[in-house]
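Let's take a walk through this structure together, stopping at a few helices and side chains along the way. Have the coordinates open as you read.

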Amino acid sequence: MNSLKILKKTVIDSQIYVSLTGTLFAVFFMEEQNTFRFPTVLLIFITYFSGYLYTKYQHTPHFFKILILNIAAGVICALLIIHNHNEIRLVKWFIIVILGLLYNSFFLNVYIRKIPLLKVFYVGMVWALVNCWLTLSEFNLPIFSISSFFITALVLPFDIRDMKSDTVETFPNLIGIQNTKYIAYLLIFVSNILSIFYLDLNYSISFFLSAIIAYILIYFSENERKDAYFSFGVETCSALPFLCLLIIKYF
């Protein structure tokens with residue numbers, strides 16, 4: 001039990017895990033588009049990690065330390081882009097960072113997370129931009145759609161988890177838990193259909209297998225479940241397309 005608590009604190013609560021799953025989700029599409037480069041993977045991980053740390057700690061006494069860490073991470077990311085890519089990639093990355101700040105920043109009077117019902121779509125959009133724009137030379141609409149629908153669906157169970165503590169209107173509070181699940185099912189179904197049409201066979205199969213697991217986890221999502229169910233179980237779904245791809249390719 002103690003080891004599980006340590007694992008949760010050091011890996012999940014530290015925001016390392018969500019950053020890793022988001023990065024692997026991006027790697028899945030990078031592999032499909034044949035654009036995989038390690039500096040880009042490192043760039044994405046650092047961006048996710050620093051962004052989630054900023055969101056988690058901005059209302060705590062640790063915020064100043066996190067801000068210093070964020071500045072250092074920003075410098076490292078900029079150097080990675082300048083050394084390995086070009087100024088266009090730097091502009092794309094900067095825009096995505098700004099979109100992240102607009103999501104939840106205490107110095108703004110109104111930020112995205114305060115706007116009822118918008119949060120889930122906004123998170124899906126930002127993750128999708130990493131996959132379809134930051135890593136590619138041109139904006140890829142099919143990858144944007146597949147990514148945004150899938151991630152939006154995975155954010156909805158977190159609204160179910162937080163429905164008693166959220167201070168803004170969310171789908172579970174507005175239409176109920178079951179109807180929220182129906183929306184998530186529909187979003188994953190649409191992302192799957194798009195993957196069949198626009199991704200290579202192995203990648204669409206990987207996405208389909210990931211969707212099955214995502215369906216199961218969404219089905220059993222309830223407000224009373226422990227946080228680990230969401231922060232580990234549901235969060236893992238974004239890494240599943242890449243993990244399933246590895247199984248198909250090498251086993």
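A good place to begin is Leu117, which sits in the loop between helix H5 (87-103) and helix H6 (119-134). Helices here are DSSP runs of H or I with at least four residues, strands are E runs of at least two, and both are numbered from the N terminus. Before going on, please keep in mind that this is a predicted model, in which local features need pLDDT of at least 70 and side-chain atom pairs count only at pLDDT 80 or more, while totals for chains, interfaces and linings use all residues. Residues are numbered from 1 along each chain as its sequence is written, and side-chain values use heavy atoms, with hydrogens and water left out.

What makes Leu117 worth a stop is its backbone: phi is near 70°, a positive value in a residue other than glycine. As background, most residues other than glycine have a negative phi. Leu117 counts as partly exposed because its relative accessibility is 28%; the classes are buried for under 20% relative accessible area, exposed for over 50% and partly exposed in between, with a 1.4 Å probe and protein chains only. Asn34 also has a positive phi, of about 60°, without being a glycine. Asn34 lies in the loop between helix H2 (16-32) and helix H3 (38-57), and with 71% relative accessibility it counts as exposed.

The two helices on either side of that loop pack against each other. In general, two packed helices are described by the angle between their axes and the distance between the axes. For H2 and H3 the angle is about 145° and the axes are 9 Å apart; axes are lines fitted to C-alpha atoms, for helices over the stretch in contact, and angles run from 0 to 180 degrees between N-to-C directions. H2 and H3 make a right-handed crossing, meaning that the near helix is turned clockwise from the far one by less than a right angle, whereas anticlockwise would be left-handed. Among the residues making this contact are Leu20, Ala26 and Met30 of H2 and Ile44, Phe45 and Tyr48 of H3, where contact means heavy atoms within 4.5 Å.

H2 has another partner in helix H12 (residues 240-250): their axes come within 8 Å and cross at roughly 50°. H2 and H12 are therefore oblique to each other, since angles under 35 degrees count as roughly parallel, over 145 as roughly antiparallel, 65 to 115 as roughly perpendicular and the rest as oblique. Here Leu24, Phe25, Val27, Phe28 and Glu31 in H2 meet Pro241, Phe242, Leu245 and Lys249 in H12.

Now move along to helix H7 (residues 141-161). How far apart are its end C-alpha atoms? They are 31 Å apart, which agrees with the 30 Å that its 21 residues should span at 1.5 Å a residue; the expected span is 1.5 Å times one less than the number of residues. H7 is mostly covered, with 17 of its 21 residues buried. At its N-terminal end, Asn140 acts as a cap, placing a side-chain oxygen 3.0 Å from the backbone nitrogen of Ile143.

H7 packs with helix H10 (residues 201-219) at an angle of about 20°, and their axes are 10 Å apart. The two are therefore roughly parallel to each other. Ile146, Phe150, Ala153, Leu154 and Pro157 of H7 make the contact with Phe207, Ala214 and Ile218 of H10.

Three buried polar side chains round off the tour. Ser204 is in H10 and counts as buried at 9% relative accessibility. A polar atom of its side chain lies 2.8 Å from the backbone oxygen of Leu201. Lys181, in helix H9 (residues 177-198), counts as buried at 3% relative accessibility, and its side chain reaches the backbone oxygen of Ser221 at 3.0 Å. Finally, Thr236 belongs to helix H11 (residues 227-236) and is buried, with a relative accessible area of 16%. A polar contact of 2.5 Å joins the side chains of Thr236 and Tyr17; such a contact is a pair of N or O atoms within 3.5 Å, where within protein one must be able to donate a hydrogen and the other to accept it, and residues adjacent in sequence count only if both atoms are side-chain atoms.
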